[in-house]
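Please set out how the interior and the charged pairs of this protein model are arranged. A short report is wanted, with the terms explained as they arise.

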Amino acid sequence: MNLRPLGDRIVIKKVEVEEKTKSGIVLPSTAKEQPQMAEVVAIGADITNDEKKKDQIKVGDKVIFSKYAGTEIKVDGEELTILKLSDILAIVE
């Protein structure tokens, strides 16, 4: 399924990071906070058509987003989040 966000929305997929304690115990994702880092999957037309905004972000960028931002959905077994461009805090380079 192809997902195309409307307006100034962005579709992201959260990046899972395995975390270990100092003693070497691996923490599963259910035992810790949800990651705030994600990969951009799709970008809305208002962003791609805007001369100022289109160079800010592109598909494939790793981003950090606001903790309680967006709407979580499940498409073809993948968990995705749709949020506004203003909810993106930084791009990880």
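The report below treats the basis of the model, then its core, its surface patch and its salt bridges.

## Basis

This is a predicted model, in which local features need pLDDT of at least 70 and side-chain atom pairs count only at pLDDT 80 or more, while totals for chains, interfaces and linings use all residues. Residues are numbered from 1 along each chain as its sequence is written, and side-chain values use heavy atoms, with hydrogens and water left out.

## Nonpolar core

The largest nonpolar core (buried Ala, Val, Leu, Ile, Met, Phe, Trp, Tyr and Cys residues joined through side-chain atoms within 4.5 Å; buried is under 20% relative accessible area, exposed over 50%, partly exposed in between, with a 1.4 Å probe and protein chains only) has 13 residues, of which I10, I12, V40, I57, L83 and I88 touch the most other members. At least two residues of this core come from each of β1 (9-14), β4 (37-43) and β5 (62-65), strands being DSSP runs of E with at least two residues, numbered from the N terminus. The largest share, three residues, is given by β4.

## Surface

L89, which is placed in strand β8 (residues 88-92), counts as exposed at 56% relative accessibility.

## Salt bridges

Six salt bridges (a side-chain nitrogen of Lys or Arg within 4 Å of a carboxyl oxygen of Asp or Glu) are found in the whole structure. One of them joins K13 and E78, with the closest N and O atoms 2.8 Å apart; K13 lies in strand β1 and E78 in strand β7 (residues 78-84), so the pair ties together parts that are 65 residues apart in sequence.

Note on methods:
Helices (H or I, at least four residues) and strands (E, at least two) are DSSP runs, numbered from the N terminus.
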